[in-house]
Protein chains: 2
Amino acid sequence: MDMQEAHPYIPKDLQLSGYVPIGLSQSTIVGVYLLCSVLVVSFIWMLSGRCRNISKVDRLLMCWWVFTGLTHMVLEGYFVFSPNFYREKVPRYLAEVWKEYSKGDSRYVARDSAVIAVEGITVVLEGPACILAAYAIGGKKSYSYLLQLAISLGQLYGTIVYFVTAFLEGDNFAVSPFYYYSYYVFANGFWILVPTMILIRCWKRICTAVRIHEQKKTKASKD
Amino acid sequence: MDMQEAHPYIPKDLQLSGYVPIGLSQSTIVGVYLLCSVLVVSFIWMLSGRCRNISKVDRLLMCWWVFTGLTHMVLEGYFVFSPNFYREKVPRYLAEVWKEYSKGDSRYVARDSAVIAVEGITVVLEGPACILAAYAIGGKKSYSYLLQLAISLGQLYGTIVYFVTAFLEGDNFAVSPFYYYSYYVFANGFWILVPTMILIRCWKRICTAVRIHEQKKTKASKD
């Protein structure tokens with residue numbers, strides 16, 4: 001007889017053979033992530049201060065890109081390449097993160113293919129690109145705005161697919177409204193809000209550069 | 001007793017209550033699409049010839065954007081907003097298109113949520129943006145390259161999600177290798193190939209413009 005371990009996720013009839021309950025508390029899981037994030041942001045803030053002629057906005061953007069890049073590669077990277085994370089017997093931090101997050105969206109523990117596809121693209125393509133974006137800002141590369149715009153578009157596209165597929169499948173994957181709003185809506189909201197702001201900023205900058213470049217070219221050809 | 005109409009799609013156990021078989025032949029369905037496409041492209045090619053100082057590449061790009069924009073809005077638009085297309089009793093061309101295409105990917109007739117999410121974004125956001133891109137090229141707008149790059153990135157992201165979700169779900173949605181390669185691989189391949197070429201072209205153009213703009217700004221501030 002297959003002993004089905006009870007799991008806390010919704011829908012209740014979700015089959016999770018070999019599920020091992022969460023070993024760490026919610027405050028530990030969320031606390032470690034927030035602490036690591038603060039450390040990363042502080043480190044990049046200090047490091048970026050050594051770049052020549054760099055604005056505070058650009059330093060903040062470097063912090064964002066390293067923070068989101070590491071979140072993509074470490075946290076989401078573990079998820080994508082560990083299909084059996086919910087069976088981890090020894091409490092391993094990264095597995096615990098996804099067992100906890102699945103309370104807000106059980107499609108993670110159920111390995112929904114749309115979620116894995118979006119997360120896969122995020123991990124493999126966007127993660128390294130985020131680190132490159134931080135480097136491009138610090139090194140004042142000419143592709144800096146364009147790369148930031150491209151990644152932000154990707155993040156927005158991914159988050160929209162993530163929300164729309166949940167909606168189409170009945171939007172019933174959270175244990176309670178608390179987890180629905182705090183994990184699913186609030187946490188993901190950052191990846192709508194920040195990419196949108198970066199997108200608008202980069203769009204304006206690039207358009208201005210292209211417009212002035214074209215005007216000068218037209219003027220030069222007339223002279 | 002529910003009379004289950006036999007359908008040609010794979011997997012065979014797919015439930016399609018009320019399915020009405022295809023009324024038009026494959027050559028009619030594909031032929032009408034190709035003919036309409038040739039007419040649209042010819043019309044835009046002639047129209048774009050009236051734009052001042054426009055290169056042949058830009059005229060070709062205007063043809064592409066109107067062609068892909070109309071495909072997104074008309075063909076894919078019908079699919080997204082007609083969940084019951086496979087029950088259409090009177091042969092309606094747009095319903096027949098998707099009954100036929102589903103032989104290459106039954107997730108269309110089965111209304112897979114990842115497919116609908118990607119198609120929804122394509123129809124609502126990318127479709128109108130494609131028409132705007134054609135207008136921007138013709139009107140030599142400063143946002144022309146940026147808009148083309150943004151849409152191409154969206155098309156690539158969507159096509160990757162489309163392929164990856166099929167792969168994750170077992171990649172067994174085609175009636176035969178013929179439909180798999182002609183509809184699923186070959187037809188979709190265009191939306192990998194063309195957006196990639198446009199992406200590279202726009203990326204180079206924008207980077208050049210930004211680099212020259214930045215150099216002049218630095219030089220001006222030094223003078």
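How many helices and strands make up the secondary structure of chain A? In this predicted model, chain A comes to six helices and zero strands. The briefing below describes chain A, then the interface of chain B and chain A, and finally one loop residue of chain B, V175(B).

**Chain A: fold and surface**

- Along the sequence, the elements of chain A follow the pattern α-α-α-α-α-α.
- The C-alpha trace of chain A spans about 85 × 40 × 30 Å along its principal axes.
- Chain A has 223 residues, and 48% of them count as buried.
- Among the contacts in chain A with a separation of 6 or more, 71% are between residues 24 or more positions apart.
- The area that chain A exposes is about 11300 Å², with carbon and sulfur atoms supplying 67% of it.

**The interface of chain B and chain A: extent**

- Chain B contributes 35 residues to the contact, and chain A contributes 35 residues.
- About 3000 Å² is buried between chain B and chain A, and carbon and sulfur atoms give 82% of that area.
- On the side of chain B, the residues that lose the most area to chain A are S142(B), L146(B) and Y157(B), which together account for 22% of what that side buries.

**The interface of chain B and chain A: polar features**

- No salt bridges are found across the interface of chain B and chain A.
- Two residue pairs are in polar contact between chain B and chain A, both at pLDDT 80 or more.

**The interface of chain B and chain A: the side of chain B**

- The elements of chain B that give two or more residues to the side touching chain A are helix 4 (113-138), helix 5 (144-168) and helix 6 (177-222).
- Helix 5 of chain B provides the largest share of that side, with 14 residues.
- By class, the side of chain B that touches chain A consists of 23 nonpolar, seven polar and five charged residues.

**A loop residue of chain B: V175(B)**

- V175(B) is located in the loop between helix 5 and helix 6 of chain B.
- The relative accessible area of V175(B) is 32%, so this residue is classed as partly exposed, a class that lies between buried, under 20%, and exposed, over 50%.
- Leaving aside residues up to four places away in sequence, V175(B) touches P8(B), Y9(B), I10(B) and K103(B).
- V175(B) and F85(B) are 90 residues apart along the chain, and their C-alpha atoms are separated by 19 Å.

Note on methods: Residues numbered from 1 in each chain as written. Chains lettered and ligands numbered in written order. Predicted model: local features only at pLDDT ≥ 70, side-chain atom pairs only at ≥ 80, totals over all residues. Heavy atoms only, no water. Contact = heavy atoms within 4.5 Å. Buried area = accessible area lost by both parts, 1.4 Å probe. Salt bridge = Lys/Arg side-chain N within 4 Å of Asp/Glu carboxyl O. Polar contact = N/O pair within 3.5 Å; in protein donor to acceptor, adjacent residues only side chain to side chain. Helix = DSSP H or I, 4+ residues; strand = E, 2+ residues; numbered from the N terminus. Nonpolar A, V, L, I, M, F, W, Y, C, P; charged D, E, K, R; others polar. Buried < 20%, exposed > 50% of the residue type's maximum accessible area, 1.4 Å probe, protein only. Areas by Shrake-Rupley, 256 points an atom, 1.4 Å probe, with all protein chains shown as cover.
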